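Q: Could you take me on a close tour of the sheet in this protein? I'd love to see how the strands are ordered, what packs around them and which spots in the backbone stand out.

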Amino acid sequence: MHVLSVSSLKGGVGKTTVTLGLASAAFARGIRTLVVDLDPQSDVSTGLDVQTAGRLNIADVLENPKEKTVRQAIASSGWTKVHPGTIDVLLGSPSAINYDGPHPSVRDVWKLEEALAIIEDEYDLVLIDCAPSLNALTRTAWAASDRVAVITEPGLFSVAAADRALRAIEEIRRGLSSRLQPLGIVVNRVRPQSVEHQFRIKELRDMFGPLVLEPQLPERTSLQQAQGAAKPLHVWPGESAQELASDFDELLDRIVEAGHVVVPKNGPQTA
């Protein structure tokens, strides 16, 4: 089971929409996928068409990562109405904010890793939608992860935020989890005609070289529309949606290669 954290250290760069795009690509390919909603805003649970009311959630898991709790906090995504496959969600909750202090104990940092170990034979890929900060929730996600995708946009503060994230990943790798590596930097919401955006992308490339992943993701309303309708991008109609789906397929290829993720030869499998 390969675990990827989708992170940004500043809000508003489209981290959750990137998580949903990658989940859509994995689901389309038949990869058994679990999405962990660790952002207290819980938007990824909504985008995956899951009803959270009356169920256990990530806050319960972080309180007590025992098997019964973990299993009761996982729900199947409504996306499976589109076509069969395994796409589940470890449900988010605003209560997760109670576990996002600045100085987590070593015991707390390993709780998500402990929870995921219980179900590691049931999924090939885990995508963690992280909180947009470097407090306890993100550290907990990274301790449980093999790779981190750093999401940014081509703006004035993007280089500084990406640099901060990469330094933090290295700090966690050295001090806590030696297996952790950056997958790279995903540049989101790019307007190809914008001179400013091209300048900022060049700035990122000059500083981080091959860590800046291809392709960059263009700004498209289709992703927000699919997300708003709680449908996977890969079944959303229109040329724009299909072009963006193809971009997410390329990024998924990078994840599959980095993590030796099992991909079914004949596409989506029945759950």
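A: Happy to; here is a walk through the sheet, its neighbours and a few backbone details. This is a predicted model, in which local features need pLDDT of at least 70 and side-chain atom pairs count only at pLDDT 80 or more, while totals for chains, interfaces and linings use all residues. Residues are numbered from 1 along each chain as its sequence is written, and side-chain values use heavy atoms, with hydrogens and water left out.

Let's begin with the overall layout. The sheet is open and has seven strands, in the order 3-4-2-5-1-6-7, with mixed pairing. Strand 3 (74-76) and strand 7 (181-187) are the edge strands, and each has a single partner strand, so one side of each is left without a neighbour in the sheet. From one strand to the next, the twist averages 25°. Some terms will help here: helices (H or I, at least four residues) and strands (E, at least two) are DSSP runs, numbered from the N terminus, and two strands pair if DSSP finds at least two bridges between them. Angles run from 0 to 180 degrees between N-to-C directions, with axes being lines fitted to C-alpha atoms, for helices over the stretch in contact. Strands of a sheet pair through backbone hydrogen bonds, either parallel or antiparallel.

Now to the side of the sheet with strand 3. Strand 3 runs antiparallel to strand 4 (87-90), and three bridges join the two. Here S76 stands opposite D88 of strand 4. D88 is also the bridge partner of L34, and strand 2 pairs with strand 4 in the parallel sense over four bridges. Strand 4 is covered on both faces: I87 and V89 on one side, and D88 and L90 on the other, are all buried. Buried means under 20% relative accessible area, exposed means over 50%, and partly exposed lies in between (1.4 Å probe, protein chains only). In a regular strand the side chains alternate between the two faces of the sheet.

On to strand 6 and its two partners. Strand 1 (residues 2-7) and strand 6 (residues 147-152) run parallel and are joined by four bridges. The bridge partner of S5 in strand 6 is V148. V148 is buried, with a relative accessible area of 0%. The C-alpha atoms of V148 and V6 are separated by 6.0 Å, although the two residues are 142 apart along the chain. Leaving aside residues up to four places away in sequence, V148 touches L4, S5, S7, W142, I169, L180, Q181, P182, L183 and G184; contact means heavy atoms within 4.5 Å.

W142 from that list is one of the buried residues of helix 7. Eight of the eight residues of helix 7 (residues 136-143) are buried, so this helix is largely enclosed by the rest of the structure.

Strand 6 also runs parallel to strand 7, with six bridges between them, and V150 stands opposite I185 in strand 7. Together with helix 8 (residues 158-175), strands 6 and 7 make a right-handed β-α-β unit. Right-handed means that, with the strands pointing away from the viewer, the path from the first strand over the helix to the second runs clockwise. Five of the seven residues of strand 7 are buried, so strand 7 is largely enclosed by the rest of the structure.

What lies across the strands? Helix 1 (residues 15-28) lies across strand 1, strand 2 (33-37), strand 4, strand 5 (125-129) and strand 6, and runs at about 165° to strand 5. There is one aromatic pair, where rings of Phe, Tyr and Trp (its six-membered ring) pair if their centres lie within 6.5 Å, and planes under 30 degrees apart count as stacked, over 60 as edge-to-face and the rest as tilted. The rings of F27 and W79 have centres 6.3 Å apart and planes at 40°, so this pair is tilted. F27 is in helix 1 and W79 in the loop between strand 3 and strand 4, so the pair ties together parts that are 52 residues apart in sequence. F27 is buried at 2% relative accessible area, and W79 is buried at 1%.

Finally, the backbone. Most residues other than glycine have a negative phi, and most peptide bonds are trans. S42, in the loop between strand 2 and helix 2 (43-47), has a positive phi near 60° and is buried at 11%. D49 also has a positive phi near 60°, but is partly exposed at 24%. The peptide bond from E214 to P215 is cis, with omega near -5°.
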